[in-house]
Each structure stands twice: as structure tokens, then as C-alpha cells.
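Hi,

Here is the structure I said I'd pass on. Have a look at it first, and my notes come right after.

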4 protein chains.
Amino acid sequence: MHSVSRLFRAVWPSVTARLYSSTTSKDISGIFPPIPTPFNADETIAWDKLESNIKKWNEIPLRGYVVQGSTGEYTFMTPQERVEVVRRVKDFTGPGKMLIAGSGCESTRDTITMTREMSSAGAEAVLVVTPCYYKGRMTSSAFIQHYTRVADDSPVPVILYSVPSNTGIDLPPDAIIQLAKHPNIIGIKESGGDIARIGSLVHNTAKDGFQVLSGSASFLYPALSVGCVGGVCALGNVLGGPLCQLEQLVKEGKLNEAKLLQHRLIAVNAAVTTVYGIAGVKKAMEWFGFYGGPTRSPLQSLTESEEKDLRDTFVNSGFL
Amino acid sequence: MHSVSRLFRAVWPSVTARLYSSTTSKDISGIFPPIPTPFNADETIAWDKLESNIKKWNEIPLRGYVVQGSTGEYTFMTPQERVEVVRRVKDFTGPGKMLIAGSGCESTRDTITMTREMSSAGAEAVLVVTPCYYKGRMTSSAFIQHYTRVADDSPVPVILYSVPSNTGIDLPPDAIIQLAKHPNIIGIKESGGDIARIGSLVHNTAKDGFQVLSGSASFLYPALSVGCVGGVCALGNVLGGPLCQLEQLVKEGKLNEAKLLQHRLIAVNAAVTTVYGIAGVKKAMEWFGFYGGPTRSPLQSLTESEEKDLRDTFVNSGFL
Amino acid sequence: MHSVSRLFRAVWPSVTARLYSSTTSKDISGIFPPIPTPFNADETIAWDKLESNIKKWNEIPLRGYVVQGSTGEYTFMTPQERVEVVRRVKDFTGPGKMLIAGSGCESTRDTITMTREMSSAGAEAVLVVTPCYYKGRMTSSAFIQHYTRVADDSPVPVILYSVPSNTGIDLPPDAIIQLAKHPNIIGIKESGGDIARIGSLVHNTAKDGFQVLSGSASFLYPALSVGCVGGVCALGNVLGGPLCQLEQLVKEGKLNEAKLLQHRLIAVNAAVTTVYGIAGVKKAMEWFGFYGGPTRSPLQSLTESEEKDLRDTFVNSGFL
Amino acid sequence: MHSVSRLFRAVWPSVTARLYSSTTSKDISGIFPPIPTPFNADETIAWDKLESNIKKWNEIPLRGYVVQGSTGEYTFMTPQERVEVVRRVKDFTGPGKMLIAGSGCESTRDTITMTREMSSAGAEAVLVVTPCYYKGRMTSSAFIQHYTRVADDSPVPVILYSVPSNTGIDLPPDAIIQLAKHPNIIGIKESGGDIARIGSLVHNTAKDGFQVLSGSASFLYPALSVGCVGGVCALGNVLGGPLCQLEQLVKEGKLNEAKLLQHRLIAVNAAVTTVYGIAGVKKAMEWFGFYGGPTRSPLQSLTESEEKDLRDTFVNSGFL
């Protein structure tokens, strides 16, 4: 089956791509928090806290959840744990919310296996991070081969995921533009923050119905301005409401309000990403009624002074 | 005189800053091309071509000109040449257009001297690039001392200039926020392209009346969205009209048109900056009726295939 | 038991460290190839080829083998496969050859588990790569906690592994110097190639009996000059004999010969590391009587022209 | 004249290169301090201190002096000052010591002019730093054109100078190997510290009689091991004697002593280069009987705690 589909695309690539995009491409617009995995003090998964967190997020007009992404500490989980977390989240997810699961592994074969399992566990789409360990050989050609094989096999749509602050690799634009033509690759989470690159990707993939998601709240408004359809934002775990509000302000053309809200979000976003990372997300979540808890080692909890600094940032920005 | 002013600011810094900013800060909003220096085939300055180019730009609703910035090949000019170019441009500049001169040198003492000379030559403000050779020691403290001494002495307002693609240095945000309080430092040309950084700078310096200019056309619209007042864009030498139009579309809230125009500008902007640099700017200028001519060595002219690729980019984007 | 040992070290760290180092530290001097995992055309492990390769290497005066390191494509293997490869290599390893297994995972808990399993499978020491996904939070403190917990638990000695070209992280010198005092951390494979850093590490850990291994053949001689005790070199898979000869020449003080051999090795080493990576190692192995075979995807085989270039490099350096 | 010489080389490049190298190439082996420019408190040049420093260095078996290199704060000097410093140093230089002057400027035309003036002022060779401001366009081809034009015109031999920590650019190996064939380009000061690169450069240029100088004391011994002929080392201003001794130990084959001395030099070298830079060199010089004095702004003097840390480093390494 796959070889036929591949052949078909090889002959009339733009035709099939257009057909797919106009008819079947799943809409991923909106705000998605990449949810953290809650742990108990002994680093085992706190299933009850996962449930209570999801139920609380269900009340916010979020578009859905990204599960087992970078903020989910997926690299610290066994393959079995990764799938089990998705299965549980599926049970708790409110109606109308989309579930996207991170299924990327370093090898193509492991990614294919994990993608199938995530689909079986209830994921409606998968987010596939760039393999990154053998950086020197991860050429555009290698990425195109990898993602094509994964997307050819995947039962659900594939979303590309470029996050250079973790992987040290920026998925090359020529590979993205090529992959956007694949009928089962529907979008990208772009976390690099180069807004010209984002605008260029939107421009060059628009005809394929490809959807670009901002990978951070720190540039959500400008990203929407140049054509992103939403965002997967770690800060959405803490301030889901304000992020949905920012999206709404832009839609309504209330640009000055959007600008001022975006300004306030930048400092708190930096605090829970580049500065304090997942430990910062988890700590801040606690101030807003969620369960945060510890990270797995080697990630470390915040020191007292780091926690104070984080809190001051939220207070100074008017969110606490 | 300077020591009194310094003392005064040391005691009531915020007061003086606020006074200055609310009363005297020069408005630098709008689009400025950083004009190239035209050379003859033997690398001497083509004064007649400088005049004809300026007269042509005078007809476009540009806010003014940046003279002897990076695109002006200032590092290839003798100190005498740098000043003489500014003096000549002054003569040709149309009414209502502002003249900003690049006066940065590696040492503080040379920068002070050059700033005075640029002012005498007719510059209404100076753009001062970060010293960058001794990167390892260019701390925030060193930058604050450098720019404070320059601004204390300068007869005209000072605009900071951070351009990491050339200097390898990003002016640290804490230094910028501190310097924004100086009554004679009125803005920054920010060429790094990190839109979250730009939004954060606008946010943290707004109370000082500090003005942030986008340093590139590739992110002009998102930069305006987060609060920039204009741009100093190499592409403005070639496509001054469309850049002014983009600014206008944003002002009028025609956001979809702004987005589509921004998209078209990204590829051509990359072609005349990161890809082909000044030789690309000069070549493209020729297609729009300006004099381009050669660069000084070691910059090299475009090869035939590079020129073809550049032209294709302008054609594909619909500007030719 | 571990808590007592930890307490003891906390009180008299230097005493215990010195006792251990002078009495029990395993000698890891010499040349180790980090062996590739041979695959069949369908990407399953070619166990027969693993055996034949090992038997051929057994005839060279190599000090031993590093199994499931970066060249072993460990990130492409399931946990079960990683252990099984080590178990099989153990069976084939000739007398007197040391077996070191890569046991690093992103989380501390997985690394502890994998380390125990590698020990059970026959590893005499483990090589533990730096966790690297959450780069922004991998502070010295996080590394010290991670490696201390692993080494406290490990039944066999631990060797640190810093390989920035893959991980994007250089293990900080202060962390290394601190960890060198741990009685169960005996050395480091240093792949970064900064020879001043290597000299400094040797200097600052010598009193602890800590052993530094060059992580590349391209700087093996200078590394030995500043005090490294050997090397873990991908090129050792292809040219084990010449690498052992280089070590011998240095020991015998035949410095001009050492220099000339080192010179010849640099180009071929680059070809099988930074330029063509594991696919290059495997291809070159075939020219010297070993089984190479394919890599797992997304790594790709060499193109015809890449293969020709690789072969030319070996020919021009006089090894073919 | 130059066009004839160029033609000749175009026809029989290897022949002329070999002739030149075997007959006329100036020997630049040995240790050269890149001397700092001494300033008075008001940042004017302290000519008397320049004289007294040189006379003190004359007593050490240094090979000669590099004047107006990076440590000489050349980027802070006017063109007139650069030449005048060289002229004065010429007067004070002891018999048998070679004087090399830094003559690099950003443009080819300025570099040619400065090179002639440095030769007239008494320089026996010039050190020409890579132009670096327009990084994106400094291709191998641009460097080859630049250096060829400078060397064709220069009355004295040219030494290439690659110092990425200041310039952000590593002169590409293919350009170096090509330029090494030019009869008037005799060597390179290589400051990058990648010892495999250094070994490779020695290997690939040996047939041209090209000489590679280590650009730092932190890897002087390993650099000599792989074939460097000496070093231009900022630390040589402070510890000229020990550096000459290290060179001698290597020549005499006293490798263990060389290793131990190299180890002691690494920490103090880092302190006067990457950590504290020129202010560190100048401060340390004072402890060894030289005049140090202030730097020009924006470089700043050491704080009290920095000075204490610097001194501790020299004490702990046994040099104070």
C-alpha cells in the first residue's frame, strides 16, 4: 500500500498534496500546552495528579494537549511509560480537545514503532522531534528519508518538531518545504524563535495546507502575525487562560492589547523555559492550583533563591 | 559641563531621563535605508553616483538615511572618507529627511572624536556600533561605560547598534535597559532578529521613551507588531517603496495585506543580506534605477550564477 | 552501604580518594576502538559478523574494546539490544582485552539500571555519556549529582564521556575535577579536541589517579604528550595497528616518526568521523578485511562519490 | 613588476614556490611575545615605558617581538600611532631579535598601505589578521584574493593570522594551503587551539616551507610536537623565560619536564588571555618588573577581586 502511495506522489506530487490538504488535513490551530509528567517524590509517575491536572486544564479553552513532548520529560521515560502516559491522558481529556503525542526516537525504526503505539493509545496526531545525536550526518536528505518513512507508516498525521535549544539542530527549511508536500505531514512545531524563518516557512508551505505552530509563548503574537495557526507553549501549562486570550485578541484585531499582553508574557515565559526549564514550569504550576512536583534526575529542583526569583518574575509581570 | 550633567543624573537619574524623553527625544520612527557607498571601478568613491542615488531616494517617503553604517562599508573607509561621505550626503538630502551617521569605532576615544566630526558634518543623530574585537572582555559594564562616555560628549543623540552577524556580539539586554535611561541615548537598531528579545526591549525601555528600530526587513512587520517604531533595512535601498508601504499597511490595520507583503520580502531580503551581502544590495539596486557598482576588496562582486540566482529571487517574489 | 561511603567521603574526601586511586584504580591505558554494531541489510544485528570482527581485532595489540559507544549506534538500539551486544562481545573477546560498555542514558535512574545490566553482561567498566537533552539546565551541579549517584551504585568503575560534537555539551572542568575524587570514577574519554583543556584536566586530576583518554585519533600524539594514557578512537576499528604503533613510538621517544604518523592519520580520521561518520567507518573497515555493512536509519550509506572520496583519502595517506 | 611575478607563478606556481621557500624564506622559529602598548593614565602612549619594557625583554632569549598585534590593542590606535609604535620599537630592539608588525586592516587597500608603512618603519615581516566584519562573505576565495594582493605588494614576508576568539572567523584550511604556495607568504600564527587542525596545516604546507606558529602558550608543547616552529604567546610578555625554557626542553627531548612545565603554564595563560585579557597581561607584567599600566577604553582595568584571583593563579602555579 505504501509503495503505491509513494509512487503516486512521485508522479503527481502537487496534485495529491493539494487533494489531501484541502480535504483531510486535521486542523491544529489553537493553543496546546505540552504537559509535564507529574512525579512522586520517588520519581514514579503520579497518576492521580496527572488526572487532576488534566481536569483543571479541561476548563480552559485550550485546543488540546501535547503529551510526552520535551516538557513531558520524554527522554527520561521508558518506552512503556511514554505510551502509558498517553493512554491515561486520553481517558481524562475533555470533549473537543485534541491529543497529540510525542513519538520521536533517534532511529527511524523505533520512531515508526512508537508512532503506531501512540496512535493505538489514542493520539490523534504525533509530534516527531528531529533525531539529533549524529548531528554531523543529519542532512536534509537524511531528515527527508526519516520523516517520509515515518509518515508513510503512521496511522495518524505527523507534525514535525524542531527544537534547537534541546537538540542542537534546526530542521533545514528545504527539508521542511519538501516534507510539507507529504499528505500525512500536516504541520510543524517551530521552537527556534527566528521569526523571519517562521514567516518564510508559512509562505513556502501555504499551498500545501501545512500548518505552522509557534513553539513558544515568547513570540506567539508575532508568530500569529506572520501566519502561524497557534502555539505549543510550555507557559500554557501555567497561564493557559492568558495565552488563549492573546490568540483571541489577535483574532479580534485588538492589536495594542495583544502587544501589551505579549510584552507581559515574555519575561515569565523565559523564566519557565530558558532560565529554569521544567522545574520552573512545575513550580509555577503550583501557584496556579496545579500539581507540579519534582522532575526526574539529572534535572534538579529549584533552589530557594531561584524559586524566589521565579515568583518575583510572575509578580512583576502582574500574573501573581 | 559634562561632569555636572553626570552628577545630576547620578543623583536623580530617572527624573532627568524622564524630562529628556518627554520633551526632547528626537523621533526616529519610519524607514531608513543604510545607504551603500558607491565606488568607481578603481575603488575610489563615486561622488556623482552618491548624489544621483540620494536624489532618487528623496522621492520615496523614507524617513531619512543612515550613512556609513555596515552596508556603507564603513570599515573599509579611512576616517576622513567616513566624514566626507556624510558631509556630501547632507548636501543632497531632501527636506524633512533625517540624516543619521555611523560613528562607532573600536575605542571609546576614537568613537568620541568621530561622533563630534559626524555631528559637524551634518548628522542629526549617530548610530554607534558595539566595539567587538576584544569579545571576551566586552561585558555589560564595559558597554555601559563606553556608551555613557560617548553619549555624555555627543552633540547629537546616540542610537545603539547591535549587529551580531557582523560583530559576533549581542549587546546585553541589561546594558541596553540601563543605557536607555541616558537622556542622550534615544534608541537602538536591533539587527539580531530575536523577536522575543525585541519585544522585551520595547517593554523594558518604554518608560524612558527609548525607540527600537528593526535592523532588517525580514522581520519588519512582526517587529512593528511588538512595538518597534520603524526599521533600518538594507533592503530599503532597493525596495524603499514597498517597505514604506508595509509600515503604512500595519498603521492602517490592513494585517492580511501586511502579512502577504512581509512574506514576499523575506526571500529578497535574505538574498541581499545573509546570502549575498553588500554586493547583492548593489547589484539589485541597478535593476531599480540606482547606481550599484563594485564593493571594496576583500568583498567580491557576484559571480554570474550568483547574480542569476539573485535576480530569480526578485522575479519569483514579484518585484521584477 | 552507599550512604556510609558517601558520608565517609564527605568527611575525608581526599584521603579515601587517594587510598582508592593508589590501590584499586583499574588501568585503562592503551588503544580502544569503539566498535560499530554490524547490521544486516534489514537493520537487524549481524551477530556472526560481530564475532568475526572481534576475532580479527583480537590479533591487534589493542587494549580492549568500547562497546555500545557513539560509534556503536547505541542511540538506535533498544535497551535489550544494548545489553545483548555487550554479552556477545564478552564471549568473543580475547584474553587480556578489557571490555568497556557504554551505559549512559538521559535519566539518572535509567543510567543506573543500564550500568548494572552492563556489569552483569560482562563489562569491566562503563563509559557514561553526558545527558544532554535539557542542555540549559545541565549545570555542573546537575552533572555532579548524576555521576555521583551512578558511580555510588555501579558494580564496576565509571568512565566519564564528554563528546560535544554529538551532545552539544562539554562536561565542565570543575565538575570533572570534583568527580575525579570519587573512588569509583576512574577516568574520562575526552572527545572535544581542545588540547589545553586536556592538559589542564590531566594536571588537575593527577593526584586522584584519574586517567584521561583521547577521544580521537586526530590528536592522539599531542594528547599523549600532555599526559593522556591512551585513546578511544573510532579510527581504531579500521587502523588499529597504526594507532598502537603510534602509542609505541611515543613511548620509545621516536618523536619524529610519531609526528609523521600522526600527520598521516589526521586526514583519514576526519574522513571517518566529522566528514562521513559511522557510515565512513563501516565502509573503510571493509577495505581492511572487516565486515562493515549498513547503518540504521536515519543514518545513510555513503553515496558513490562519497565512497570514492573516502577511498582517495586512505590512498593519499598511504594506508591503501 | 607585480604582474610579471604573478604571471610567472600562474604558469609554474610550484616551481617558484619551491625556489623561494628553499632559498629565501625567513626563519621565524622561536618565541615571540606580542607586546602590549603601554599607556599613561590619560590613555596617551607611554613611550618611555615602551623603551624600558623592550630593554628588559631584550635580556631573554626570545626570538623577537610582534608589535601591534591583538595584545598591542592595535584596533584602538590611529593608523599613525600603529606605525609610530613600530618605529620606536625598532630603535630599542636588541641585536638578533626579529621585529614583526601587525599590518592587517579590514580592507585590502588599507592593508596594502599599512604593510608598506610597517616595512618602512622597520618591520622585517608583517602579521596580517583576517578581515572579519563582513563574516558572511569572507569565503576562501575572498581570503585568497585579499592575501595574494597584499603579499604581491609587500616589501617584506607576510604571516597569516587567524584568531577566531577575536574575529569570529577561522581562516579556512583550503585557503591557507593555497596561500602557503605564495613565495611571499611564509607562515601563520594559528590561535584557534584545534591541535588536529594545526597538525594538518603543518602536514599540508611542509613542502612549501611554510611555518606554523602556535598562537598561545596553553598548547605550545603539543603544537611543537606536531611540527610548529615556535609561538606568538601573550604570556611571553610575562613569562618569556619559562616559555623559552619549554621550547628548549622539547628540543632536548626532556619530555616529562616539558609536560610538567606546560601543565603549570595552562592556568596562568588562561588567566591572561580568555579570562582577563590584556588588562590581565598588563597587571601580571607589573609583578615581574615590567610596566603594565592601563588599557584604552572600552577595555577596563581589573577589579580588586579579579586582580587577587589573577595573582592567586600565578602563585598556585608556582610562578610567584
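Below is what I found, starting with how two of the chains go together and ending with a pair of helices. Keep in mind that this is a predicted model.

First, chains A and C. A turn of 180 degrees with a shift of 0.0 Å along the axis lays chain C on chain A, and the RMSD is 0.0 Å. The two copies are therefore related as by a two-fold rotation axis. If you want a landmark, try C:Gly168: of the residues of chain C, its C-alpha comes closest to that axis, at 3.2 Å.

The chains also touch. On chain C, 29 residues are in contact with 29 residues of chain A. Helices H5 (108–120), H6 (140–153) and H7 (164–167) of chain C each give two or more residues to that side, and H6(C) gives the most, with five. By class, the side of chain C that touches chain A has 14 polar, eight nonpolar and seven charged residues. Both copies use the same surface, as 100% of the contact residues of chain C recur in chain A.

Now for the helices within chain A. H3 (residues 47–57) and H4 (residues 79–92) of chain A pack with their axes 9 Å apart, at an angle of about 40 degrees, which means that H3(A) is oblique to H4(A). Their crossing is right-handed. H3(A) brings A:Trp47, A:Leu50, A:Glu51, A:Ile54 and A:Lys55 to the contact, while H4(A) brings A:Arg88, A:Val89 and A:Phe92. That makes a contact with five nonpolar and three charged residues, and no polar ones.

Cheers

Definitions and conventions
Residues numbered from 1 in each chain as written. Chains lettered and ligands numbered in written order. Predicted model: local features only at pLDDT ≥ 70, side-chain atom pairs only at ≥ 80, totals over all residues. Axes fitted to C-alpha atoms, helices over the stretch in contact; angles between N-to-C directions. Helix = DSSP H or I, 4+ residues; strand = E, 2+ residues; numbered from the N terminus. Parallel < 35°, antiparallel > 145°, perpendicular 65-115°, else oblique. Left-handed = near helix turned anticlockwise from the far one by under 90°. Contact = placed C-beta atoms within 7 Å. Nonpolar A, V, L, I, M, F, W, Y, C, P; charged D, E, K, R; others polar. Least-squares fit on C-alpha atoms with pLDDT ≥ 70 in both.
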